[in-house]
Amino acid sequence: MNAYLLQHAWVDGRVRDAVLVEIEDGRFTRVAPDAPAAGAAGAAGATRVAGLSLPGFANTHSHAFHRALRGRTQADRGTFWTWREQMYAVAGRLEPDSYYELARAVYGEMLAAGYTAVGEFHYLHHQPDGVPYADPNAMGEALLEAAREVGIRITLLDTLYLSSGFGAATQGVQRRFDDGTPQAWQDRVDALRVPADGSAGDGDGVRIGVAAHSVRAVPGGALKTFAPYVEAGAPVHIHLSEQVKENEDCLAAYGLTPTGLLAEHGVLGPTTSAVHATHLTDDDIRLLGEAHAFASFCPTTERDLGDGIGPSRRLKDAGAVLTLGSDSHAVIDAFEEMRALEMDERLATQERGHWSAAELLRAASSDGHRSLGFADAGELAVGRRADLVTVDPGSARTAGTGGDEHSVVFAAGAPDITQVMVDGRVVFEGDHRSVGHTLHETIGAIWA
Ligand SMILES: [Zn+2]
């Protein structure tokens with residue numbers, strides 16, 4: 001058993017002082033605020049943790065390899081579609097070994113930013129000519145191994161990708177994504193095994209989930225492949241209405257919006273995550289709300305790509321559950337994603353106060369974890385996975401801000417994180433410079 005005395009911690013929706021936590025087998029067995037005042041047994045021998053400790057955050061939408069593009073796609077004006085060509089150039093270069101190295105560096109950056117779990121939306125499956133590797137899951141296994149190595153939990157969302165767009169055959173690097181048929185994809189996913197030793201702490205840090213890339217890449221008839229997963233309550237993720245053009249093409253092809261098409265094929269449910277959900281009709285919002293689906297917003301990527309501002313508050317009010325992802329990793333900073341949800345609403349409506357700091361923390365922690373199949377994480381509570389993200393309330397950014405939830409959500413940045421624990425194991429102790437060094441070496445090798 002390990003005991004920690006947290007100077008301040010976010011417990012039951014508010015900041016508490018002197019919180020004594022005890023941890024066994026990677027889970028909290030005791031969470032006791034005001035420990036010294038109450039003369040709590042065990043407080044004297046506990047390891048002191050200065051600062052404000054928060055639950056672990058879940059990064060609900062990641063493509064690890066996009067991190068290699070950060071800062072390299074800004075020189076010329078471009079569109080989402082020209083950015084995609086640059087992304088394909090990176091995708092064409094990676095092999096299982098280099099993908100492992102890159103993912104390890106990127107997951108290290110995520111941990112240092114307070115993410116204790118990642119949903120990896122994985123579609124880079126095959127060799128550059130489209131032929132499967134000798135081990136057809138070599139790329140997915142590289143991602144699982146990278147997560148295990150750094151100690152972040154992972155839900156590998158293995159992605160079906162069959163078409164270049166509404167029926168057109170995949171071409172060029174897209175052949176790396178394409179399994180040919182839903183059955184071939186299914187067979188490969190069925191062969192994907194969770195490593196016996198798991199990824200972190202108690203050895204239960206890996207989940208296998210599934211994803212449909214988008215209604216562009218998965219024809220209407222193939223979408224029904226996902227209905228049994230929704231019925232079984234497994235995580236099912238899909239890019240949805242990120243671009244106006246996707247909506248127009250979908251209406252032309254099927255006479256339905258992308259959301260309408262998902263509803264038609266039984267893909268909407270309480271374990272479905274609609275990623276982006278940017279350009280929605282009133283009916284789309286109603287369908288996602290009635291299904292109590294997750295909406296995985298990725299505000300820093302959506303603004304980088306010029307996607308638009310999705311209706312986050314209207315989705316929540318309709319019954320959907322908001323989560324947050326860093327997607328293309330133009331930014332990896334959970335605090336920045338949280339406040340961006342509120343700031344974007346302010347810009348769109350010219351009013352303040354749509355999302356409270358407490359709601360944003362919940363979206364980033366417990367709701368995010370639930371969407372990745374880790375319903376037992378994201379809260380400082382007895383029985384939950386022992387994740388802790390500790391923030392320095394005295395940095396140049398946070399000093400003088402009050403040291404409460406508004407301080408972390410509206411003022412803090414990833415560099416203010418001093419310690420991260422995942423499943424009871426301390427995996428980051430504040431050395432942000434070393435995280436940068438690893439990224440520099442790894443990404444440099446890819447572009448060399
Ligand atoms: Zn994405």
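## Two helices in contact

Helix α2, residues 96-112, packs against helix α3, residues 138-150, with about 40° between them and 8 Å between their axes. This is a predicted model. The two helices cross in the right-handed sense.

On the α2 side, the contact is made by Pro 96, Tyr 99, Tyr 100, Ala 103, Arg 104, Tyr 107, Gly 108 and Leu 111. Helix α3 contributes Ala 138, Met 139, Ala 142, Leu 143, Glu 145, Ala 146, Ala 147, Glu 149 and Val 150. Sorted by class, the residues where α2 meets α3 are 13 nonpolar, three charged and one polar.

## The sheet

An open sheet is built from eight strands, and their pairing is parallel. Read across the sheet, the order is β5-β6-β7-β8-β9-β10-β11-β12. Strand β5 (57-62) lies at one edge and strand β12 (321-324) at the other, and each of these pairs on one side only. From one strand to the next, the twist averages 25°.

One pair within this order is β9 (residues 236-240) with β10 (residues 272-276), which run parallel and are joined over five bridges. Which residue of β10 does His 239 stand opposite? His 239 faces Val 275 there.

A helix also lies against the sheet. Helix α13, residues 357-371, packs on it and touches five strands by name: β5, β6 (115-122), β10, β11 (294-297) and β12. The direction of α13 makes about 100° with the direction of β12.

## The two domains

The protein chain is divided into two domains. Domain 1 consists of two stretches, 2-54 and 380-435, while domain 2 covers 57-371. Taken over C-alpha atoms, the centres of domain 1 and domain 2 are 29 Å apart.

## Where the domains touch

The contact between the domains involves 25 residues from domain 1 and 26 residues from domain 2. Which elements give two or more residues to the side of domain 1 that touches domain 2? They are the helices α14 (405-410) and α15 (432-447), together with the strands β14 (417-422) and β15 (425-428).

Of the elements on that side of domain 1, α14 gives the most, with five residues. By class, the side of domain 1 that touches domain 2 has 14 nonpolar residues, six polar residues and five charged residues.

Note on methods:
Residues are numbered from 1 along each chain as its sequence is written. This is a predicted model: local features need pLDDT of at least 70, side-chain atom pairs count only at pLDDT 80 or more; totals for chains, interfaces and linings use all residues. Axes are lines fitted to C-alpha atoms, for helices over the stretch in contact, and angles run from 0 to 180 degrees between N-to-C directions. Helices (H or I, at least four residues) and strands (E, at least two) are DSSP runs, numbered from the N terminus. A crossing is left-handed if the near helix is turned anticlockwise from the far one by less than a right angle, and right-handed if clockwise. Two residues are in contact if their C-beta atoms, placed from the backbone, lie within 7 Å. Ala, Val, Leu, Ile, Met, Phe, Trp, Tyr, Cys and Pro count as nonpolar, Asp, Glu, Lys and Arg as charged, and the others, Gly among them, as polar. Two strands pair if DSSP finds at least two bridges between them. Domain bounds come from an automatic or database domain assignment.
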